[in-house]
Amino acid sequence: RAKETGRNRVERFERRLAEALLVRQTQEQDVRSGLAKGWFELTIQPIVRLATGRMVGGEALLRLHHPTRGLVMPAEFIPVAEETGLIEELGRLVLREAARIIPALVAAARNPDFFVSVNLSGGQVNRDLPNLLSELLETGLPGPSNLVLEIMETALLEDADEVNEILSEISRLGIRFALDDFGTGYSSLNYVDRFPVSMIKVDRSFTRSIGQDGEQNRRTRALMRTTVTLGRELGLPIVAEGIERVEERDRMLELGVDLGQGYLFARPMPARDFLELLAASAGYRTNDPDRSAPPD
Ligand code: C2E
Ligand code: MG
Ligand code: MG
Ligand code: MG
């Protein structure tokens with residue numbers, strides 16, 4: 001009997017494994033089909049100057065519209081794309097799409113330094129990336145200040161020398177980097193020192209904690225003050241991610257954080273809607289209840 005139970009257990013395990021494999025294969029196929037059939041869409045979420053509420057840029061965030069499964073989020077398809085190597089093609093698509101709309105956004109914002117930031121996975125940081133970026137600069141990007149590349153600390157871990165060289169080459173084109181989800185990885189400070197970073201995006205877990213009271217909040221405030229000082233000393237603007245509530249915005253502003261992003265201002269929206277929002281007010285109109293009208 002014990003033997004039989006054991007065999008059942010093995011069979012159950014094998015069945016689960018087969019199911020998981022099938023899910024994975026379906027997800028991979030979805031990314032492939034999405035690339036081939038144009039199911040991916042670029043959405044953009046505003047990044048605002050906290051003191052004025054004015055949009056200074058936006059982050060490009062990818063969506064997959066599946067004909068039967070509906071909306072698929074990056075948390076599902078980005079890891080699949082990374083593991084299968086499809087991230088290279090997907091990354092090129094995002095950069096090309098961003099570059100295509102940037103000229104209109106810069107014009108609508110009436111701000112020559114208006115930027116779109118694009119997320120980079122480690123697998124995209126290879127020898128071809130500087131070439132693609134110089135091509136984009138030659139064929140339509142108004143200037144290098146209009147594109148920012150967001151990179152996570154984890155992406156910098158592998159082969160640091162090679163990555164550093166490629167990032168330096170991109171830096172020489174004038175394109176800037178933002179350190180994404182700052183504070184969630186380890187040795188964040190080490191990366192600020194070693195890589196050509198121009199902007200720090202503080203992870204939304206800090207924003208959440210800043211908006212709450214208690215001991216955790218006291219510690220987070222201390223960390224945020226240090227980060228703001230670091231930003232000032234090095235001339236790097238700080239962006240607070242995931243601002244949902246007025247209190248979170250106000251406390252970040254008090255701490256001296258320059259820029260913010262989050263549902264309080266706007267959710268990620270189709271690039272066309274983002275362009276309309278910008279054009280309607282040169283970048284002043286968001287959900288922020290205090291600062292939704294252009295200051296005259
Ligand atoms: P991320 O780069 O840290 O992007 C911020 C995420 O926070 C986005 O999730 C955004 O929709 C969400 N967010 C913004 N404001 C708020 C808020 O107020 N509250 C809450 N709860 N969430 C907020 P999303 O779009 O699901 O993207 C998740 C992650 O997927 C991104 O994190 C990024 O790491 C990755 N990703 C998205 N698009 C791309 C892409 O084109 N390429 C690469 N390599 N990665 C991407
Ligand atoms: Mg990001
Ligand atoms: Mg982030
Ligand atoms: Mg993130």
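Donors here are N, O and S atoms within 2.8 Å of the metal (3.2 Å for Na, K and Ca), and since water is not among the atoms, sites may look incomplete. On that basis, the donor residues of the magnesium ion (ligand 3) follow the spacing D-D-x59-E in sequence. The pair involved links distant parts of the chain: Asp180 sits in strand β6 (residues 176-182), while Glu241 is in the loop between β8 (238-240) and α10 (246-255), 61 residues apart. Strands (E, at least two residues) and helices (H or I, at least four) are DSSP runs, numbered from the N terminus.

This is a predicted model, in which local features need pLDDT of at least 70 and side-chain atom pairs count only at pLDDT 80 or more, whereas totals for chains, interfaces and linings use all residues. Residues are numbered from 1 along each chain as its sequence is written, chains are lettered from A and ligands numbered from 1 in the order in which they are written, and side-chain values use heavy atoms, with hydrogens and water left out.

Back at the metal, Asp180 (OD), Asp181 (OD) and Glu241 (OE, listed twice) coordinate the magnesium ion (ligand 3) at 2.1 to 2.7 Å. Asp180 also bridges this ion and the magnesium ion (ligand 2), the two lying 3.7 Å apart. Both Asp180 and Glu241 are buried, meaning under 20% relative accessible area (exposed is over 50%, partly exposed in between; 1.4 Å probe, protein chains only).

As for the whole chain, 11 helices and 10 strands turn up, and 47% of the 296 residues count as buried. The C-alpha trace spans about 80 × 50 × 40 Å along its principal axes.
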